[in-house]
Each structure stands twice: as C-alpha cells, then as structure tokens.
Amino acid sequence: MAKRLLITGGAGFVGSNFTQYIMQKYPGYEIAILDAMTYAGSIDNLPAEMFSNEHPGYSFWHGDVRNPEIVNALVAGSDIVVHFAAETHVTRSIFDNRHFFETDVLGTQTVANAVQRAGKSIERFIHISTSEVYGTAVRNEIDEDHPLNPMSPYASAKCGADRLVYSYMATYDIPAVIVRPFNIFGPRQHLEKVIPRFITSVLRDEPMTVHGNGTAARDFVFVEDICRALDLLMHAPCEQVCGEVFNIATGKHWSINDIAEAVSEELHAVDEAKVENVIERPGQVTRHTGCARKITEQLGWKPSVSWREGLRRTIRWYQDNEPVWDKQVWLRKVPLNYTPGVTEYH
Ligand SMILES: NC(=O)c1ccc[n+]([C@@H]2O[C@H](COP(=O)([O-])OP(=O)(O)OC[C@H]3O[C@@H](n4cnc5c(N)ncnc54)[C@H](O)[C@@H]3O)[C@@H](O)[C@H]2O)c1
C-alpha cells in the first residue's frame, strides 16, 4: 500500500540519498521534505522529480524542525516520519555548539511531540541517531547495550535527542525506532567531512589535513546500505522493531591514515599526494567498530557494498560533479581556538 513519508533534513547528504532511494524503489509513495536549508542543505542534492509538476505527490517545505506549526501540520499528513534533520559536524560543534542543542534536541522534541499528538495515524517514527553517542569503544565491538559516553557537543546533543525519543516511547508509547548508524559515506556528502575532504583535496592538488597522528579509526557504511536498512526498519512489523534501538555498521574499521592512503591509491596519486598533520581534535573518539548483529538477525540486513567499492563510487561522484561541490570548498575547514590568540583550522 502506498505510504506518505515525511523526511526531515532531506536536502542533506543522507536524507537526499534516502529520498532518491525511496523514489526509485516505491514510485507510488508520497514524499514531503522539510529542510531549513542551512549551509549543509542544498537544492542541488534533491532529485528533479521533487520540483516537477508531473509529481504532485512530492513536496518540498522550507522550514525549521523547531517550528511546531509546520512540523505538526506535516506530521499529521504522514504515515511514516524519518527524522534526519540535525546539525552534524563534530568540529563545528566545538567551534559553536548552540545550534546543535537547539536543532538536534529541541528539533527532535518538536517532531516527537507532533508524532505523539498525531496518535495512531502515525505508523512509524524513525529517529536517526548516531554511533557517536557511544564515544570511544570500551570493548572490541560496540553493540546497542554499550554505555553512552558522548565525547563532543555534537555527540551529546544527539545523545539527548536519542534518549528523548526513548523516553517518549516509554511514556507515550509512540511507534518509534532509534537507529544508530556508524560513519556514513557516499555521494553528496558535505566537504567538511573527512572522506569528501580528502577526495577533493587530492583532486585540487592540495594536502589532506590529518588530525593528530591519524590513528583514530571508524566503521564506515556506504550510504546505499544505510537506505536499505532504513527501508527494512520502516516496513517491518511494529511489534518487531518499535521501541528498539538498532545499530547499522559493518564490523570493520579504517583509520584516518588508511583513508588517506586509499584515496591516494584510487586517484593514482600515491607519490604526489600530500598530508598535512594538524593538532588532534579535542574529544576525538579513538576507536569505533560497530556490531550490527541485531539488525542482521532480526531483519536480514548486511552491508552489501565493500569499503573499497563504496570509496570508488564516491570518488567517481566527486570527479563528475565539481560544479556542485565547488561552492563548499571554503567550508571545509573550521577555525578552532584552543590556545588564546592562536587559531587552528580543522
Ligand atoms: N553522515 C554520517 O556519517 C552520519 C552518521 C550517523 C548518523 N548521522 C545522522 O544522520 C542524519 C543526517 O546526517 P547528514 O550527514 O545527512 O547531515 P547533513 O549535515 O548533510 O544534513 C543535515 C540536513 O538537515 C538540515 N537541517 C539542519 N538544521 C535544520 C533545522 N533546524 N530544521 C530543518 N532542517 C535542518 C540541513 O539543512 C541539512 O539538509 C543526522 O541526524 C546525523 O546526525 C549521520
């Protein structure tokens, strides 16, 4: 049966990939996107069908997730809400964290209130949390029961939102699912994030900036695999997934140095690629490998795109779309003042 979806943050990296995935797989679904178009959102990210008269079932709403009027109205007209909208860049949260708490926590509260108010008409509320809520791993693999030790203002804001949704499930019995993806990569990711930053640095013949000694490691999931996982969580019976937390991870990790090396190899720049080491980012998570056993056992999800294949596809997109990402080059580095009077660019 056709569904009506509300996607918040649909003009960002993951939200736009998810929108495209849903349009292709479920052409009968109605889609409303709500996005405030911050520096991270772009009309360029959205499929042309979103704005075509031939597709009256698709609508774009320029608005803020903190605004209950627009959020209540859009949620009331939806069957499924997928909530991506957030401030997302760790380094920027160190530079100025106010927006992070306002959007990530209060924005989520506004969406969760609207879901609660809409009652039984909402089938599913997928809240996109993040593995950053766990902090550095205290055991080899991070499963959903790992302690929550957020280590940056971004991570703590997302942790607040994650627990807020949990409390609404416990108090109001809203049909929510909390999803904790590990690091996501793929086409259309903002240049401030490490993989696009490295790719575009090599393409522009500039050094790749590595924080600290580059040994901090993360579990990277290709964005298409994230979309498949969300699809399964959206369509699974509520008894199976509502009230639950699910990781999305590959169980493997790659260090910042591994990424720099792989990007140089793929771009045949091993001899020429330059690396510039800058001071370690405060609150850095040193090791972060996810366990996705729960979603694999319950819904049969497994990553299908290998790290190297995902990287190739991502590189190809940046090679083919320079006019799209060129406008973001100036946003790649964020000024940080650790020592009074000294500005470091991260
Ligand atoms: N990218 C990752 O590696 C990753 C990993 C785990 C979880 N996540 C989560 O996935 C979600 C999407 O991440 P992303 O990488 O696509 O982020 P992004 O920064 O690329 O996009 C965020 C989108 O949210 C919009 N937005 C920001 N503030 C808003 C507001 N107040 N109202 C409405 N829209 C607003 C922006 O305009 C943008 O389009 C986030 O919740 C993030 O925490 C991302």
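Two strands are taken to pair if DSSP finds at least two bridges between them. In this predicted model, strand E6 (residues 176-181) and strand E11 are joined by four bridges and run parallel. These two strands belong to an open sheet of seven strands with parallel pairing. The briefing below covers the sheet, the helices packed on it, the ligand shell and the surroundings of Asp225.

**The sheet**

- The strand order of the open sheet is E3-E2-E1-E4-E5-E6-E11.
- Strand E3 (58-62) and E11 form the edges, each pairing on one side only.
- From one strand to the next, the twist averages 15 degrees.
- Strands of a sheet pair through backbone hydrogen bonds, either parallel or antiparallel.
- Strand E1 (residues 4-8) runs parallel to E2, and five bridges join the two; within this pair, Thr8 stands opposite Leu34 in E2.
- In the pairing of E6 with E11, Ile178 is the residue that stands opposite Val245 in E11.
- Strand E11 (residues 245-248) is covered on both faces: Val245 and Asn247 are buried on one side, and Phe246 and Ile248 are buried on the other.

**Helices on the sheet**

- Helix H4 lies across E1, strand E4 (80-83) and strand E5 (124-128), and runs at about 170 degrees to E4.
- Helix H5 (residues 153-172) also packs on the sheet, where it touches E5 and E6; the direction of H5 makes about 155 degrees with that of E6.

**The ligand shell**

- The ligand is surrounded by 31 residues, of which Gly9, Gly12, Ala36, Ala40 and Gly41 are the closest.
- By residue class, the shell divides into 14 nonpolar, 12 polar and five charged residues.
- At least two shell residues come from each of helix H1 (13-25), strand E2 (30-35), helix H4 (98-118) and strand E7 (183-185).
- H1 provides the largest share, three residues.
- Two of these elements also appear in the description of the sheet: E2 has a place in the strand order, and H4 lies across E1, E4 and E5.

**Asp225 and its surroundings**

- Asp225 is part of helix H7 (residues 223-235).
- Asp225 counts as buried because 22 other C-beta atoms lie within 10 Å, where the criterion is 20 or more.
- Leaving aside residues up to four places away in sequence, Asp225 touches Pro303, Ser304 and Val305.
- Asp225 and Gly310 are 85 residues apart in sequence, with a C-alpha to C-alpha distance of 9.9 Å in space.

Technical notes
Residues are numbered from 1 along each chain as its sequence is written. This is a predicted model: local features need pLDDT of at least 70, side-chain atom pairs count only at pLDDT 80 or more; totals for chains, interfaces and linings use all residues. A residue is near a molecule or strand if its C-beta atom, placed from the backbone, lies within 6 Å of it. Ala, Val, Leu, Ile, Met, Phe, Trp, Tyr, Cys and Pro count as nonpolar, Asp, Glu, Lys and Arg as charged, and the others, Gly among them, as polar. A residue is buried if 20 or more other C-beta atoms lie within 10 Å of its own, exposed if 12 or fewer, and partly exposed in between; C-beta atoms are placed from the backbone. Two residues are in contact if their C-beta atoms, placed from the backbone, lie within 7 Å. Axes are lines fitted to C-alpha atoms, for helices over the stretch in contact, and angles run from 0 to 180 degrees between N-to-C directions.
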